[in-house]
Amino acid sequence: MKRYAIVGSGLAGHRAAISLRNLAPSSSIHMFGDESHLPYDRPPLTKDFLLGKVEQAQLTFSDVQTYDTLNIHYHHATRIVAIDRHQRSITTDRNEVYEYDKLLLATGSRPRRLPEMEDARAIYLRTVDDAARLRSVLEPGRSIGIIGAGFVGLEVAAAARDRGCAVCVIEAAPSVLSRGLPPLVSNAIQRLHLSRGVEIVCGQTAKAIEWTRRGPINIELSHRSFSADAVVVGVGVIPNTELAAAAGLEVDNGIVVDCHLQTADPSIFAAGEVTKHPVGKGGALLRLESWNVAHKQPLVAAACMTGHDLVYDEIPWLWSDQFGQNLQILGDVADSQDFLLRGHLDSEQWTLIALNSATEPTGAIAFNSGRDISMMRRILKSGGNLPLDVISSSRPVSAMVPVC
Ligand SMILES: Cc1cc2nc3c(=O)[nH]c(=O)nc-3n(C[C@H](O)[C@H](O)[C@H](O)COP(=O)(O)OP(=O)(O)OC[C@H]3O[C@@H](n4cnc5c(N)ncnc54)[C@H](O)[C@@H]3O)c2cc1C
């Protein structure tokens, strides 16, 4: 009987366990997760969960009975502390040892922490417990300070505003969403937030922060200070690679895997947000903080772990919801200087199609325009050209020029 072990019980770990059971009905499967909850979905934590539209129970993927019925041994609140590649075994934090034939690392990421934000009152949002703590503060009239204007910071800002809080977002970079998105998109999203009453302070860090035990938290900026009932820190994540690194596997801001999601050790695979995997025709190694990676990679990893020859070649895709508006990003948009714009960036619906230097499409950014993303996915997959009606209904814009 083959023995499969999975470290990490987020979306990737859960999906791998179910896939392995389908592909290897008589195998033994052990999944280990250091959280005390059943595996659950993270995207709603900054959206509907904060708005009170969904509860924790609705976020879980499976109940205990389902794992039992599928004969998946789910070890919750159990941390794997070591991998012995020679013995092909893993050790838990209770010093139990489990042998494997194939091992999957699906250890995800944790929030990057700031030394000046180490107070117990700072909220770093990754888990359902973090989100529940924040939700309890989001009452009308409360003030929320947010450090970092990435997706997590802006989604929290939108939810907090929708719940009637005063919100101030402080971002060290000159604009919001500055990582990997062109200035004209940052400007459009910033305008959305300003129009809903979010205060955004870019190009600044908190000069000083005064954490009182119970009263308001005072954040001092260069031109004023902001008094907050809660401070949320969203300044990026760090992949959980320490276990892999200690076992001598290649790690480079992510666990390095090939297109089969296999590490250099043929018995060890990785899947989900922790992987640094080949992307696109050039095979550049990227680590993507995207739900779709954690959703799709485990199927390929499980297939390859059970002897099938499958390749992970998904086009990068992620979405964000803010103030009920949907932003989607597909393919390679980071390096493009030139775009085709469908619609108007100040309107409720627009799409930017990214072009390379040969004016071929490489990706798209769509605002409330999921249909354009589906069209672009088909075009990018087939390597085809843009339809004439799309070209004729678009106008060229430069990434650097804010379009009003
Ligand atoms: C608040 C939030 C909102 C998001 N919103 C969106 C969105 O709108 N759109 C989008 O595309 N993506 C979004 N994402 C990203 C997406 O949800 C994640 O990329 C995805 O959930 C990652 O899943 P994963 O299973 O790879 O990793 P994780 O969910 O991080 O799961 C890994 C698990 O492994 C555990 N673990 C780590 N090390 C060990 C160990 N040694 N032993 C045992 N257990 C271990 C961790 O504690 C964790 O429970 C969001 C993420 C967050 C946090």
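**Ligand surroundings, sheets and aromatic pairs in a predicted model**

In the ligand site, a polar backbone atom of Ala12 lies 2.9 Å from an oxygen atom of the ligand. The structure described here is a predicted model, and the ligand is a convenient place to begin reading it. A second contact comes from a side chain: a polar atom of Glu35 is placed 2.6 Å from an oxygen atom of the ligand. Trp291 also takes part, with a backbone N or O atom 3.1 Å from a ligand oxygen atom. Around the ligand there are 33 residues, of which Asp34, Glu35, Arg42, Lys47 and Glu273 come nearest.

We can turn next to the sheets. One of them is open and consists of 5 strands, arranged in the order E3-E2-E1-E7-E19 with parallel pairing. Its edges are formed by strand E3 (72-75) and strand E19 (268-270), each of which pairs on one side only. On average, neighbouring strands in this sheet are turned by 20° against each other, direction ignored. Within the sheet, strand E1 (residues 3-7) runs parallel to E2 and is joined to E2 by 5 bridges. Two positions help to trace this pairing: Arg3 has Ser28 as its bridge partner in E2, and Ile6 stands opposite Met31 of the same strand, E2.

Strand E2 (residues 28-32) is mostly covered, with 5 of its 5 residues buried. As a general rule, side chains in a regular strand alternate between the two faces of the sheet. In E2, Ser28, His30 and Phe32 point one way, while Ile29 and Met31 point the other way, and all are buried. Met31, the residue opposite Ile6, is thus among the buried residues of E2.

Another open sheet has 3 strands in the order E4-E5-E6, and here the pairing is antiparallel. Strand E4 (80-84) and strand E6 (97-99) are the edge strands, each pairing on one side only. Neighbouring strands of this sheet are turned by 20° against each other on average, direction ignored. Between E4 and strand E5 (residues 89-92), the antiparallel pairing extends over 4 bridges. One pair of partners is Ile83 with Ile90, the latter in E5.

The aromatic residues complete the picture. The model contains 5 aromatic pairs. One of these joins Tyr67 and Tyr74 in a tilted arrangement, with 5.4 Å from centre to centre and 45° between the planes. Both Tyr67 and Tyr74 are buried. In the pair of Trp317 and Trp319, the ring centres are 5.7 Å apart and the planes meet at 35°, so this pair is tilted; stacked would call for planes under 30 degrees apart. How do Trp317 and Trp319 fare in burial, buried or partly exposed? Trp317 has 18% relative accessibility and therefore counts as buried, because the limit for buried is under 20%. Trp319 has a relative accessible area of 24% and is partly exposed.

Trp317 and Trp319 also belong, with Trp291, to one aromatic cluster. Trp291 links this part of the account back to the ligand, through the backbone contact at 3.1 Å. Trp317 has a charged neighbour as well: Arg377 lies over the face of its ring, at 5.2 Å from the ring centre. A comparable arrangement involves Arg135, whose charged end sits over the ring of Phe49, 4.3 Å from the centre of that ring.

Methods
Residues numbered from 1 in each chain as written. Predicted model: local features only at pLDDT ≥ 70, side-chain atom pairs only at ≥ 80, totals over all residues. Heavy atoms only, no water. Phe/Tyr/Trp six-rings, centres within 6.5 Å; stacked < 30°, edge-to-face > 60°. Buried < 20%, exposed > 50% of the residue type's maximum accessible area, 1.4 Å probe, protein only. Lys NZ or Arg CZ within 6 Å of the ring centre and 35° of its normal. Pairing = 2+ DSSP bridges. Axes fitted to C-alpha atoms, helices over the stretch in contact; angles between N-to-C directions. Near = heavy atom within 4 Å. Polar contact = N/O pair within 3.5 Å; in protein donor to acceptor, adjacent residues only side chain to side chain.
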